[in-house]
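Please read these numbered points with the structure open beside you, and check each one against the view as you go.

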Amino acid sequence: MRVLEKAPAKINLSLDVLHKRKDCFHEVKMIMTTIDLADRVELVDLPFEEIRIVSHNRFVPDDQRNLAYQAAKLLKDRFGIRKGISISITKTIPVAAGLAGGSSDAAATLRGLNRLWNLGLTLDELAELGAEIGSDVSFCVYGGTALATGRGEIIHHIDPPPHCWVVLAKPTIGVSTADVYKNLNINTIKHPDVDGMIAAIEARDYDQICSLMGNVLESVTLTMYPEVGNIKDQMKRFGADAVLMSGSGPTVFGLVQYESRLPRVYNGLRGFCDQVFAVRMLGERNSLD
Ligand SMILES: C[C@](O)(CO)[C@H](O)COP(=O)(O)OP(=O)(O)OC[C@H]1O[C@@H](n2ccc(N)nc2=O)[C@H](O)[C@@H]1O
Ligand SMILES: Nc1ncnc2c1ncn2[C@@H]1O[C@H](COP(=O)(O)OP(=O)(O)OP(=O)(O)O)[C@@H](O)[C@H]1O
């Protein structure tokens with residue numbers, strides 16, 4: 001049998017860090033939403049017991065380092081599944097970009113294998129398993145729009161933001177999430193108004209959403225990679241309504257309300273960056289279909 005799952009990227013509209021925890025993770029409070037930029041994950045039964053990763057992207061590991069591999073292994077071990085599986089990942093989401101590409105592939109694998117192997121698990125149960133793979137995986141199991149707390153794995157669903165366009169530009173560097181958190185100075189953080197962002201989303205107040213966007217990891221990555229700041233400046237200059245780095249970076253995204261303004265931002269950025277995308281904000285929980 002064969003199962004196909006869509007694995008969309010996320011952006012963080014607001015990302016705050018509250019403190020460093022005893023387990024070395026950071027306590028976060030952030031607003032995540034899915035966008036219409038997705039990998040495709042295809043799961044096909046194998047006649048022998050092996051987890052095989054097929055990907056034609058040279059930056060994607062094809063062994064146990066792949067988060068989709070880890071998702072399949074977790075389900076096999078936890079539920080005693082003695083079957084083999086081929087996981088083909090068609091990458092569209094740039095790798096090590098701050099867009100949760102690997103996490104979304106893992107989440108898609110959890111959802112797809114739940115169907116293929118008739119495990120009967122709920123999304124809440126899959127999200128709990130996902131947290132064992134990585135902090136962003138739980139959100140990716142559901143998609144939609146959420147306030148994420150804890151180390152990112154405690155998900156509170158909220159309304160989707162109003163429809164708009166998202167332009168993404170990724171410089172040709174990959175960023176290590178662990179390094180960015182390690183270099184964050186908790187004492188000098190300027191905290192974004194995450195509660196205000198939730199209120200703005202629920203009021204569908206696009207201008208207020210734009211004015212409240214903030215990410216405390218941005219200054220860390222900008223110091224390590226000044227080109228991220230240049231891309232932010234260019235995106236603003238070409239007319240995006242609001243501009244922010246996603247997650248630990250280095251991808252920068254800009255919100256654009258009117259389609260007529262989109263070509264100028266998109267084409268302008270193409271002059272600076274190889275990887276530029278213009279996509280819709282999804283934000284709805286049924287956007288995985
Ligand atoms: C930056 C974000 O993408 C925002 O959505 C996430 O917070 C990171 O999520 P992720 O990539 O799934 O992160 P994980 O794979 O769980 O952790 C990678 C590393 O990042 C650091 N890390 C991650 C999440 C968190 N709340 N605190 C941390 O300090 C830890 O050093 C950890 O070893
Ligand atoms: N399925 C996968 N797709 C891409 N990278 C993967 C995958 N599985 C493991 N990786 C490894 O994970 C690293 C981070 O890649 P990923 O694209 O998930 O980063 P990210 O978007 O910054 O994640 P996040 O936003 O959750 O911090 C890569 O360098 C790669 O070696």
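1. Which residue in β2 is the bridge partner of Ile-11? The model is a predicted one, and in it the partner of Ile-11 is Thr-33. This pair belongs to a longer ladder, in which strand β1 (residues 2-20) and strand β2 (residues 26-46) run antiparallel and are joined over 16 bridges.

2. The link between these two strands deserves a careful look, since β1 and β2 form a hairpin with 5 residues between them. Within that turn you will find Cys-24, whose phi is positive, at about 75°.

3. Strand β1 has another partner besides β2, namely strand β8 (residues 214-215), to which 2 bridges join it in the parallel sense. Here Leu-15 stands opposite Asn-215 of β8. When you follow the side chains by eye, keep in mind that in a regular strand they alternate between the two faces of the sheet.

4. Turning to ligand 1, I would begin with its shell of 20 residues, of which His-26, Ser-135, Asp-136, Arg-151 and Tyr-181 are the closest. Strand β2 contributes the most to this shell, with 4 residues, while β1, β2 and α5 (177-182) each supply at least two. Sorted by class, the shell holds 9 nonpolar, 8 polar and 3 charged residues.

5. The polar contacts of ligand 1 can be followed one at a time. An oxygen atom of the ligand is 2.6 Å from a polar side-chain atom of Ser-135, and an oxygen atom of the ligand is 2.7 Å from an N or O atom in the side chain of Asp-136. For the side chain of Asn-12, the distance from an N or O atom to an oxygen atom of ligand 1 is 3.2 Å. Of the 640 Å² of accessible area that ligand 1 has on its own, the protein covers 80%.

6. Ligand 2 is likewise surrounded by 20 residues, and the closest are Ala-96, Gly-98, Ala-100, Gly-102 and Asp-136. The largest share of this shell, 4 residues, comes from helix α2 (residues 101-116), and by class the shell divides into 9 nonpolar, 6 polar and 5 charged residues.

7. Both backbone and side-chain atoms should be inspected around ligand 2. A nitrogen atom of the ligand lies 3.0 Å from a polar backbone atom of Leu-67, whereas an oxygen atom of the ligand is 3.4 Å from an N or O atom in the side chain of Ser-103. The protein covers 79% of the 610 Å² of accessible area that ligand 2 has on its own.

Methods
Residues numbered from 1 in each chain as written. Chains lettered and ligands numbered in written order. Predicted model: local features only at pLDDT ≥ 70, side-chain atom pairs only at ≥ 80, totals over all residues. Heavy atoms only, no water. Near = heavy atom within 4 Å. Polar contact = N/O pair within 3.5 Å; in protein donor to acceptor, adjacent residues only side chain to side chain. Areas by Shrake-Rupley, 256 points an atom, 1.4 Å probe, with all protein chains shown as cover. Nonpolar A, V, L, I, M, F, W, Y, C, P; charged D, E, K, R; others polar. Pairing = 2+ DSSP bridges.
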